[in-house]
Number of protein chains: 2
Amino acid sequence: MAQKPSIPKGTRDFSPAEVAKRNYIFDTIRNQFEIYGFQPIETPSFENLETLMGKYGDEGDRLIFKILNSGDYLNKVDDRTLEEKDAAALTPQISEKALRYDLTVPFARYVVMHQNEIDLPFKRYQIQPVWRADRPQKGRFREFYQCDADVVGPSSLLQEVELIQLYDAVFADLGLEKVTIKINHRKILSAIAEVIGAHEQLIPFTVALDKLDKIGEEGVIREMAASGISEAAIRKAMPLFSISGDQDQALGVLSDFLKESKTGEEGIEALRMITATIGKLGLSSCRLQVDVTLARGLNYYTGAIFEVSAPEGVQMGSIGGGGRYDDLTGIFGLKDLSGVGISFGLDRIYLVLEELGLFPETVEESVQVLFVNFGEKEALAALPLIGELRKAGIKSDLYPTDAKLQKQLKYANNRKIPYVVLLGKDELEQNTVVVKDMAKGSQKTYDWKHLPEFIKTL
Amino acid sequence: MAQKPSIPKGTRDFSPAEVAKRNYIFDTIRNQFEIYGFQPIETPSFENLETLMGKYGDEGDRLIFKILNSGDYLNKVDDRTLEEKDAAALTPQISEKALRYDLTVPFARYVVMHQNEIDLPFKRYQIQPVWRADRPQKGRFREFYQCDADVVGPSSLLQEVELIQLYDAVFADLGLEKVTIKINHRKILSAIAEVIGAHEQLIPFTVALDKLDKIGEEGVIREMAASGISEAAIRKAMPLFSISGDQDQALGVLSDFLKESKTGEEGIEALRMITATIGKLGLSSCRLQVDVTLARGLNYYTGAIFEVSAPEGVQMGSIGGGGRYDDLTGIFGLKDLSGVGISFGLDRIYLVLEELGLFPETVEESVQVLFVNFGEKEALAALPLIGELRKAGIKSDLYPTDAKLQKQLKYANNRKIPYVVLLGKDELEQNTVVVKDMAKGSQKTYDWKHLPEFIKTL
């Protein structure tokens with residue numbers, strides 16, 4: 001009995017049109033990564049289990065896809081684990097490899113393993129899929145691509161400036177306008193918690209603050225209170241929820257608020273330098289906004305943090321994010337290496353471009369010239385002409401069978417092929433072809449010898 | 001204690017230089033795939049276990065990487081399987097997904113699942129990694145890329161002709177000369193077995209024949225005898241081991257040999273048409289050779305079969321192969337769909353290009369212009385100039401710290417950066433930059449306003 005085929009939930013097949021659109025985004029990002037001096041690396045799809053476990057919290061550990069050992073993998077498992085049906089204890093005994101969960105940990109592993117070959121500063125980019133056993137839902141998949149650019153080595157703030165310019169360059173190339181790049185600094189968040197007397201609740205404080213645009217001021221206050229932050233502390237923090245005005249004004253308010261904290265001052269000084277430099281250099285399609293409520297995953301960021309919102313009017317969370325971390329490679333034994341990086345959210349950018357109709361019209365154009373097939377003799381005569389077009393780099397094809405003309409033209413239409421060439425019995429006798437412009441409906445006859453004239457018009 | 005990091009055996013990290021070289025091959029192949037009218041699809045890295053199992057033989061089933069189910073996966077396992085430590089029986093109970101083993105079965109699954117969206121003829125290409133739990137050895141990896149192009153729908157031999165042209169176009173673009181494309185036909189192999197009276201031993205007969213260039217005539221005879229083929233049959237087949245001369249002569253000998261077999265005649269007729277058409281159209285870097293000893297995996301091929309040998313003088317098995325199959329999608333319930341495809345062996349092509357020194361010199365050039373960093377003030381002045389270069393699409397970078405000039409120049413050298421720009425204290429005062437040509441050792445001063453002149457020289 002034949003199987004009715006399906007694919008695992010949370011995964012996707014990509015059709016030619018979808019691949020073309022995804023590659024358009026990948027190519028745009030990759031091109032700017034390279035213009036900005038980043039170099040590509042690639043790491044294996046699976047890593048040793050112990051490389052990944054314990055790096056993403058308990059939840060992360062659960063969401064990592066583990067690969068079953070090959071062969072008689074139960075051979076050395078202890079009987080008790082099996083008797084007790086203890087899956088958690090069994091896993092490390094029957095699995096020693098796991099699929100990549102993100103690109104950051106493999107990158108850290110790469111830097112440490114290859115430290116003698118790498119010339120610091122190392123600007124690397126990596127565009128590869130990652131896998132997570134998350135519950136699939138709209139816009140969340142079990143296999144998806146990450147596009148990361150990181151600089152390791154130098155701690156200069158010019159890196160942050162360049163990464164903001166890089167975001168701007170990519171979104172400008174994609175034709176996205178009014179994209180907001182929100183920026184904050186980990187030291188500012190620490191200083192706020194310190195100043196309001198909640199530094200022991202730094203994490204719940206920032207987690208709650210991060211939700212301001214989702215649950216509103218009242219919601220944040222309720223969540224902070226629930227996590228044990230005192231009423232006095234919350235009251236003290238409240239003015240920060242509604243900082244407005246331009247960058248300088250916002251930083252002024254903040255500076256005033258954090259005047260007792262040296263840490264806070266350092267964070268503000270960093271943001272001042274970054275915003276002032278970007279102010280001088282200018283951005284084309286993005287605007288930079290200091291957002292004191294931006295927290296992001298606090299696990300490894302230690303300096304500036306970024307998050308990019310979709311253009312105004314498009315409902316679609318963040319389309320990118322990143323930040324500076326001071327000890328990425330420490331987990332693998334290489335201390336004191338600072339890094340800063342950004343990431344692009346491919347799937348969301350795809351949806352935004354689709355919603356705004358920003359994919360170029362030609363992106364789906366897979367074949368430029370289709371020769372109609374009128375039978376063996378005509379087809380054989382067409383082959384050398386098609387060869388000429390292909391040598392000139394023009395995507396060309398011969399319809400593979402002598403199906404009815406109407407069917408062949410319909411195929412050309414469906415595939416959005418702009419030119420169809422007719423080489424039938426009459427043309428064969430006269431050594432000519434008729435070129436049909438499918439958009440205009442016009443047609444023109446060329447002598448075989450004059451095919452280069454047609455090629456020039458493409 | 002920090003972990004000493006490593007990667008699973010049989011997998012690889014790719015450095016920037018390696019990624020650049022691999023991408024050069026991928027881009028060349030992809031470009032010709034598209035020029036020949038093929039469209040890209042992508043399928044998920046893992047498929048449902050039952051989609052893959054039973055498609056590659058017992059050995060294949062063992063080599064498929066299975067993914068452990070998430071959560072409390074032992075919950076519903078029957079106790080007896082656990083008591084008996086029966087790994088083979090346990091696997092389907094704790095794993096429902098597996099990593100792609102090749103691109104052919106997922107493609108068949110794709111065609112069947114999307115048959116209503118696909119416009120036949122469907123020319124698809126797919127360039128994605130596959131995974132096999134093979135014993136790693138030199139040149140054999142557990143994760144590697146396949147690059148496949150297939151046409152499904154039409155049974156016209158023009159497809160075979162086009163695929164040979166496509167091989168030729170790719171190898172010509174890569175600068176590979178004297179590549180041999182060997183061709184045979186499944187019907188010829190069947191007919192030989194029939195004519196010598198060994199049609200019941202077709203598979204051992206062809207498996208032995210396939211080894212002629214490895215184990216020689218005597219070895220083949222010994223292997224055939226060992227698999228139960230009669231001495232009379234072997235003696236009858238012997239003239240075929242040493243067919244020589246050009247295509248027409250070879251096909252003549254074969255035709256004479258198989259004159260009693262209708263199947264054989266059909267195979268010979270097909271090869272005659274393909275070789276005659278290719279003869280007329282001509283090839284640039286490959287030669288086509290009928291090779292009656294070529295067998296390839298016989299599992300699903302039913303028509304023409306191809307195999308590409310590395311250029312003369314390079315010791316490196318085949319760098320590509322393919323053929324026609326008549327019932328690819330039958331396993332998933334869609335009958336009578338004929339297809340023909342070819343595949344490129346990325347890793348071996350890489351080694352061949354490396355051995356022959358055929359990678360373009362510029363392939364590793366990651367940054368074209370590096371600005372030396374003389375300190376904050378000079379660096380800030382450099383940023384807008386770097387911005388100008390980047391806007392013009394030139395890969396440019398600022399060294400991220402004001403390290404010693406010597407160190408910065410060494411970095412530029414190591415990264416093979418052709419131009420270094422100096423913007424120090426003097427240049428800052430005079431609004432100039434000094435551009436150093438690293439290959440020639442010469443340098444030239446430009447006014448900031450005249451930077452476009454420099455850009456034009458790149």
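**Figure 1. The loop around A:Pro121 in the predicted model.** A:Pro121 sits in the loop that runs between helix 6 (104–113) and strand 5 (122–131) of chain A, and the whole picture comes from a predicted model. The thing to look at is the peptide bond from A:Leu120 to A:Pro121, which is cis, with omega near -5 degrees. For context, most peptide bonds are trans.

**Figure 2. The loop around B:Pro121.** Over in chain B, B:Pro121 is in the loop between helix 6 (104–113) and strand 5 (122–131). The bond to check here goes from B:Leu120 to B:Pro121, and it's cis, with omega near -5 degrees.

**Figure 3. A positive phi at A:Lys416.** If you're scanning backbone torsions, stop at A:Lys416: its phi is near 55 degrees, a positive value in a residue other than glycine. Most residues other than glycine have a negative phi. A:Lys416 belongs to the loop between helix 16 (405–414) and strand 14 (419–422) of chain A. Is A:Lys416 buried or partly exposed? With a relative accessible area of 49%, A:Lys416 is partly exposed, because the exposed class only starts over 50%.

**Figure 4. A positive phi at B:Asn431.** B:Asn431 isn't a glycine either, yet its phi is positive, at about 55 degrees. You'll find B:Asn431 in the loop between helix 17 (425–430) and strand 15 (432–437) of chain B. Its relative accessibility is 36%, so B:Asn431 counts as partly exposed.

**Figure 5. A:Arg132 and its surroundings.** A:Arg132 is one of the residues that UniProt lists for "binding site" in an unreviewed entry. Others on that list include A:Asp102, A:Gln146 and A:Asp150. A:Arg132 is placed in the loop between strand 5 and strand 6 (143–153) of chain A. How does an arginine at 18% relative accessibility get classed? A:Arg132 counts as buried, because that class takes everything under 20%. Leaving aside neighbours within four places in sequence, A:Arg132 is in contact with A:Leu63, A:Phe65, A:Tyr101, A:Asp102, A:Phe141, A:Arg142, A:Phe144 and A:Gln146. Both A:Asp102 and A:Gln146 are in the UniProt list too. Zoom in on A:Tyr101 and you'll see the A:Arg132 side chain reach its backbone oxygen at 3.0 Å.

**Figure 6. A:Tyr300, another residue from the UniProt list.** The unreviewed UniProt entry also gives A:Tyr300 under "binding site". A:Tyr300 lies in the loop between strand 8 (286–290) and strand 9 (304–309) of chain A. At 32% relative accessibility, A:Tyr300 is partly exposed. Not counting residues up to four places away in sequence, A:Tyr300 touches A:Thr104, A:Arg324, A:Tyr325 and A:Asp326. Of these, A:Thr104 appears in the UniProt list as well.

**Figure 7. The two domains of chain A.** Chain A is split into domain 1 (16–64 + 101–356) and domain 2 (365–455). Taken over C-alpha atoms, the centres of the two domains are 51 Å apart.

**Figure 8. Where chain A meets chain B.** The contact draws on 100 residues from chain A and 100 residues from chain B. About 8800 Å² is buried between the chains, and carbon and sulfur atoms give 59% of that area. On the polar side, the interface has 37 residue pairs in polar contact and 10 salt bridges. One to zoom in on joins A:Asp397 to B:Lys123, with the closest N and O atoms 2.7 Å apart.

How values were computed
Residues numbered from 1 in each chain as written. Chains lettered and ligands numbered in written order. Predicted model: local features only at pLDDT ≥ 70, side-chain atom pairs only at ≥ 80, totals over all residues. Heavy atoms only, no water. Helix = DSSP H or I, 4+ residues; strand = E, 2+ residues; numbered from the N terminus. Buried < 20%, exposed > 50% of the residue type's maximum accessible area, 1.4 Å probe, protein only. Domains from an automatic or database assignment. UniProt positions renumbered as here; feature names shortened; annotations may be inferred. Contact = heavy atoms within 4.5 Å. Polar contact = N/O pair within 3.5 Å; in protein donor to acceptor, adjacent residues only side chain to side chain. Buried area = accessible area lost by both parts, 1.4 Å probe. Salt bridge = Lys/Arg side-chain N within 4 Å of Asp/Glu carboxyl O.
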